[in-house]
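I opened the model to look up two things. The enclosed spaces come before the strands in these notes.

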Amino acid sequence: MTSDAVSAGGDPRRLLADTRTFARRVRVAQRVTWLPLLVLGVVTFGAILVQAVSRPVTTGCRTTDAGEICKVWNPVLESYWLVAMVAAYVVIAGGYLRVARARGLGSRVRPYVIAGVAAAVLMFTLIAAGAGRWIVPDPHDLLNPSTSILVLFRLLTASGGIGLALLVLAWLERNVALLLFALGYLAVVLVPINFGWGSHWSGKSEGAAQLIVNGLVLLLAGAGFALAQRLRASR
Amino acid sequence: MTGPVDTPAPESHPVTGLDDVVHQRVRLGILTIAHEARRVEFGFLRTELGLTGGNLSQHLAVLETAGLVGIEKGYEGKRGRTWISLTTAGDAALAAEIARLKQLIARVETTVPRQGEAS
């Protein structure tokens with residue numbers, strides 16, 4: 001085959017259409033979308049175990065007109081999230097680079113990894129510093145938080161950080177399916193689904209139900225994206 | 001003595017700005033793929049563009065001579081691999097070519113009468 005066989009004859013519309021096709025094919029070939037979903041799903045399930053064996057610590061209590069306000073956080077669990085998330089993004093970056101190299105391509109995963117690690121560090125710092133008291137200075141709002149404050153607090157968690165970083169990955173990959181998944185995942189994180197299960201569990205297991213849902217959503221989506229990629233490759 | 005007088009340049013036809021090195025499907029394809037992939041292996045380009053190795057090498061030589069791509073040869077185990085990446089000039093040439101193609105299409109769409117209006 002020679003270049004004549006693929007000549008566009010200088011037709012600008014066809015040349016431009018070809019560049020778009022080539023660009024799309026490269027981006028599809030670079031995708032390893034199932035990997036971050038699988039790894040972050042495993043990290044989320046790991047958090048359930050860590051939460052079960054660790055205790056929250058209450059410090060800095062002060063009495064206000066509205067009632068007593070304390071800083072409550074679980075240093076073991078939050079440290080787990082920080083270390084596990086950084087390790088997860090290192091694994092994801094390595095996986096993306098390895099797969100892209102094997103396919104004969106470079107990778108554009110770096111901004112996603114930077115966003116993910118930055119989100120993990122930011123969430124850890126905010127929670128460790130007890131930033132809720134600065135973000136919502138009015139004690140009445142803290143003791144009886146409105147829906148918008150609850151949504152904000154749920155966003156400023158490790159699970160929220162995972163969702164935000166996935167939006168960055170969807171943009172990098174120009175991946176509409178991943179964008180829709182990331183928005184759906186964020187909806188699950190921000191507007192918790194309550195099936196009634198876990199409501200009668202002990203205080204130690206509180207929040208485990210939400211982590212199970214988040215982890216399952218990530219793992220199922222990872223399996224779905226892996227299957228879709230396999231089907232596409234076999235065509 | 002008077003200085004140079006700024007006169008508006010007549011609007012040139014987009015065709016006059018086309019770069020012969022870039023305005024060709026295969027070479028435009030190489031630049032596009034290298035731009036999207038950051039760096040691309042010879043085998044991927046050959047498969048995507050449907051070319052023989054010799055033919056692709058000729059196109060790469062033209063682009064390398066023009067300073068639009070960099071070619072790096074190495075080994076992975078015992079297997080030789082050739083990686084192609086865009087230079088800064090290549091990046092600019094690709095952007096300019098795409099802009100000119102869009103201009104050309106826009107010009108054609110505004111000057112060619114639609115069907116039914118010609119009569």
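Entry 1, the largest cavity. I looked up its volume and got about 70 Å³. The model is a predicted one, and the value is computed from it. My search of the whole structure returned 2 cavities of 30 Å³ or more.

Next I listed the lining of the largest cavity. From chain A I noted R27(A), Q30(A), Y96(A), S107(A), R108(A), V109(A), L169(A), L172(A) and E173(A). Which helices each supply at least two residues of this lining? I found α1 (12–30) and α8 (158–173) of chain A. The largest share belongs to α8(A), with 3 residues. Sorting the lining by class, I wrote down 4 nonpolar, 2 polar and 3 charged residues.

Entry 2, the second largest cavity. Its volume came out at about 40 Å³. I noted its lining as E78(A), W81(A), L82(A), M85(A), A120(A), M123(A), F124(A) and A158(A). Helices α3 (75–102) and α4 (110–128) of chain A each contribute at least two residues to this lining. I checked which gives the most, and α3(A) does, with 4 residues. By class I recorded 7 nonpolar residues, no polar ones and 1 charged.

Entry 3, the sheet in chain B. I then turned to the strands. In what order do the 3 strands of the open sheet of chain B lie? I read the order as β1-β3-β2, with antiparallel pairing. The edge strands of chain B are β1 (39–41) and β2 (69–76), and each of them pairs on one side only. For the turn between neighbouring strands of this sheet I noted 30° on average, with direction ignored.

I also looked up what packs on the sheet. Helix α2 (residues 42–49) of chain B does, and it touches β1 and β3 of chain B. The direction of α2 makes about 75° with that of β1(B).

Entry 4, the pairing of β1(B). How many bridges join β1(B) to β3 of chain B? I counted 3, between β1(B) and the antiparallel strand β3 (residues 79–86). I looked up the partner of E41(B) as well, and W83(B) in β3(B) stands opposite.

Entry 5, recap. For the cavities, I keep α8(A) as the largest contributor to the lining of the largest one and α3(A) as the one giving the most to the second largest. For the sheet, I keep the strand order β1-β3-β2 in chain B and the packing of α2 of chain B on β1 and β3.

Definitions and conventions. Residues numbered from 1 in each chain as written. Chains lettered and ligands numbered in written order. Predicted model: local features only at pLDDT ≥ 70, side-chain atom pairs only at ≥ 80, totals over all residues. Heavy atoms only, no water. Pairing = 2+ DSSP bridges. Axes fitted to C-alpha atoms, helices over the stretch in contact; angles between N-to-C directions. Contact = heavy atoms within 4.5 Å. 1 Å grid on protein atoms, 1.4 Å probe; cavity = no way out; pocket = protein on both sides within 12 Å on 5 of 7 lines; lining within 4 Å. Points joined across faces, edges and corners; volume = space filled by probe spheres on them. Nonpolar A, V, L, I, M, F, W, Y, C, P; charged D, E, K, R; others polar.
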